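Reader: Hey, I'm new to this one. Can you walk me through it?

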Amino acid sequence: MQCKNGDHCARKSTVQRPKAVEALCRQLMTLVSGDNDLVEQVIRKSKELDASADHGIEDQITRARKQLVSLNNRVHDLFEMSGEGT
């Protein structure tokens, strides 16, 4: 990656993007792993999200089971109606 000003750039340099990204990721990993308060906050928040996600899934399962019972009743009723009359 080079400056868009080309030959007119006062500070000529070239950035090798893959190496630059790798170096930034390494530095970020070092900084994040060294920040114990941040790590604790992330762990605490992830536990909160995991706990709340389970309740949402349980509610969805309960609604799906109710819907299944309702649909089964409809099928049963339609089957019963189909056997009556001429």
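Author: Sure, let's begin with a pair of side chains. Lys45 and Glu48 sit three residues apart in helix α2, about one turn of the helix. Helices are DSSP runs of H or I with at least four residues, strands are E runs of at least two, and both are numbered from the N terminus.

Reader: And what do the side chains of Lys45 and Glu48 meet in?

Author: They meet in a salt bridge, 3.9 Å from N to O. The term means a side-chain nitrogen of Lys or Arg within 4 Å of a carboxyl oxygen of Asp or Glu.

Reader: Wait, where do these numbers come from?

Author: This is a predicted model, where local features need pLDDT of at least 70, side-chain atom pairs count only at pLDDT 80 or more, and totals for chains, interfaces and linings use all residues. Residues are numbered from 1 along each chain as its sequence is written, and side-chain values use heavy atoms, with hydrogens and water left out.

Reader: Ok. How many salt bridges does a search of the whole structure find?

Author: Two. Glu22 also forms one with Arg26, with the closest N and O atoms 2.8 Å apart. Glu22 and Arg26 are four residues apart in helix α1, so about one helical turn separates them.

Reader: How exposed is Glu22?

Author: Glu22 counts as partly exposed, at 47% relative accessibility. Arg26 is partly exposed too, at 45%. Buried means under 20% relative accessible area, exposed over 50%, and partly exposed is in between (1.4 Å probe, protein chains only).

Reader: What share of the protein's 86 residues count as buried?

Author: Just 1%.

Reader: New topic: what's the overall build?

Author: The protein has two helices and zero strands. Its C-alpha atoms fill a box of roughly 95 × 40 × 15 Å along the principal axes. The radius of gyration is 31 Å, while a compact globule of 86 residues would have one near 12 Å. That radius is taken over C-alpha atoms, and the globule rule is 2.2 Å times the number of residues to the power 0.38.

Reader: Which residues make the nonpolar surface patch?

Author: Leu28, Val32, Leu38, Val39, Val42 and Ile43, covering about 460 Å². The elements giving two or more residues to this patch are α1 (17-34) and α2 (36-82). The largest share, four residues, comes from α2. Patch residues have over 30% relative accessible area and no salt bridge, with nonpolar side chains (Val, Leu, Ile, Met, Phe, Trp, Tyr) joined within 5 Å and like charges within 9 Å. Areas come from the Shrake-Rupley method with a 1.4 Å probe; for residues, only the protein chains shown count as cover.
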